[in-house]
Amino acid sequence: MSLLREPPLRPFRARPVPPFQVPAVAPALNEAFALFGATPALDRPLPVGQLYFPDWDRYEASMRDIFERQYYTNHGPLAQQLEARLAERLRVRHVICVTNATIGLIMACEALELTGKVILPSFTFIATPQALSWTRLTPVFCDVDPLTHQITADRIAPLIDAEVSAILAVNLWGDACPAAPLQALADRHGLKLFFDSAHSMGCEIGGVPVGNFGALEVFSFHATKAFSSAEGGCITTNDDALAAKLRNIRSSYGAGPAVSVVKTSNGRMSEAQAAIGLLNLDTFDTALGRNRASFARYRSRLAPVPGVTLYEPRHASKTNHQYVVLEIDEARFGLSRDALLGLLKAENIVARRYFYPGSHRSVPYLDELPQFVDSLPETDRLNARLIQLPSGALVSDADIDAIAERIATAQQRAADIVARSSEA
Ligand code: T4K
């Protein structure tokens, strides 16, 4: 069966979300929370990741195709097909598929010929600054906007000095940094601007797909992303010369026009990865619709809970609703973020505290760049208050209701929970 002939799945239809009711009489702690003896809210651990994967029969058929062709990697037909389809979808000239976003970021630093220092947020996955370290660049950590969690031109400007060669902006949580002011700032100072868009497949800024901004953008197709090829990623650019360089850096034999590069790597995407990517691309709009409905349900269920703020994208004109991120205000909620995490874990709700403890407080930067330890108050505040809830393929409406109900009850019974926990 050819991957090209697969029909798209029916679009996901959201059911109306009923209003949320906090029970008038709160149950006893041992009936309300698994931590104190109740049955867990969920019957199996539910991770934060998206884990959208193709139907087994379609996967099996595409693997059989690969085995029959006996062509498993090295820029094979499926990798080329995925690049072409992504380029069409993102309306960008070049898509260079890679093994994962981390190697994509490393390749990007090499292709852009960066030197010295690069400004980036600390509030990101550790892979972002690590890519700089692999290419012997020095991170300059920038604080983020407290409302949008993104870096802004105003915050970057004071950090620019003669050694800075680039800005590596990170488009977080399915939102986007304000790209136009960042580009204007970069142009004014002769800096390269590129984006870590690991979270942003399917997002748009002012109707333009993310993937078209800066010199280039890097996406992740990890299993926990909205669009996945199990492992994988891509680099997008509208610059022909840069694309040619990236294709030559991606592997020692190159692909496309041969250009001279100093270093090569192995950032190739295998045919098995590309096959999963192609199958998931067929159903990506269904996944986005499902994410949108889940997000709306979380929003409606959690809106009445004091001390809890659901992160809403503000710059992106279209988001992928990849992340359900809550900010916990301990003073109003009654419990700390970490106390709530422990409570949810016992309920099989495997929420996470991304990005903790923050790049500037992680090895090796804690020791190598101590000047940033106490200089990023907004990042520290978010690191201490955010919680990421399960989202994506494995999360049903009933799961969302159960998760929201436990959070609401935790807020209602916060004082009792604190008292009981201090007895233990
Ligand atoms: N830039 C940014 C801003 C990023 O967020 C990332 C990656 C990158 C760059 C680098 O992209 P890649 O090089 O990875 O393509 C995960 C992912 O490994 C990572 O891709 C992601 N961001 C990061 C935010 O999260 P972990 O170690 O925190 O999560 P992990 O692997 O423990 O998975 C989360 C949950 O999902 C677990 O509870 C278990 C569950 N899970 C995970 C996998 C892999 C499954 O149920 N099945 C699975 O196959 O890093």
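The paragraphs below lead from the ligand and its surroundings to an enclosed space and then to some points in the backbone.

This is a predicted model, in which local features need pLDDT of at least 70 and side-chain atom pairs count only at pLDDT 80 or more, while totals for chains, interfaces and linings use all residues. Residues are numbered from 1 along each chain as its sequence is written, and side-chain values use heavy atoms, with hydrogens and water left out.

The ligand is surrounded by 19 residues, of which the closest are Thr102, Asp196, His199, Ser220 and Lys225; a residue belongs to this shell if one of its heavy atoms lies within 4 Å of the ligand. Sorted by class, the shell holds seven nonpolar, nine polar and three charged residues, where Ala, Val, Leu, Ile, Met, Phe, Trp, Tyr, Cys and Pro count as nonpolar, Asp, Glu, Lys and Arg as charged, and the others, Gly among them, as polar.

Three side chains can be followed to particular kinds of ligand atom, each through a pair of N or O atoms within the 3.5 Å limit of a polar contact. Ser220 places a polar side-chain atom 2.7 Å from an oxygen atom of the ligand, and Lys225 has one that lies 2.9 Å from a ligand nitrogen atom. For Tyr354, a polar side-chain atom lies 2.9 Å from an oxygen atom of the ligand. On its own the ligand has 910 Å² of accessible area, and the protein covers 73% of this, as computed by the Shrake-Rupley method with a 1.4 Å probe.

Which space does the ligand take? The space is the largest pocket, and a molecule is said to sit in a pocket or cavity if more than half of its atoms lie within 2 Å of its grid points. Both kinds of space are found on a 1 Å grid over the protein atoms alone: a pocket is an open set of points with protein on both sides within 12 Å along at least five of seven lines, a cavity is a set where a 1.4 Å probe fits but cannot get out, and lining residues have an atom within 4 Å of a point. The largest pocket holds about 490 Å³ of space, a volume being the space filled by probe spheres set on the points, which are joined across faces, edges and corners. Among its 28 lining residues, Phe125, Ser220, His222, Thr224 and Lys225 are the closest to its centre. By class, this lining has eleven nonpolar, 14 polar and three charged residues, and its largest share, three residues, comes from α4, a helix being a DSSP run (H or I) of at least four residues, numbered from the N terminus.

Apart from this pocket, the count comes to one cavity of 30 Å³ or more. Trp173, Phe295, Tyr311, Pro313, His321, Gln322 and Tyr323 line the largest cavity, and this lining has five nonpolar, two polar and no charged residues.

The backbone also deserves attention, as most residues other than glycine have a negative phi, and most peptide bonds are trans. Tyr356 and Pro357 are joined by a cis peptide bond with omega of about 5°, and the peptide bond from Val363 to Pro364 is cis as well, with omega near 5°. Pro357 has its place in the loop between α12 (337–346) and α13 (365–368). Arg91, which is not a glycine, has a positive phi of about 55°.

Methods. Polar contact = N/O pair within 3.5 Å; in protein donor to acceptor, adjacent residues only side chain to side chain. Helix = DSSP H or I, 4+ residues; strand = E, 2+ residues; numbered from the N terminus.
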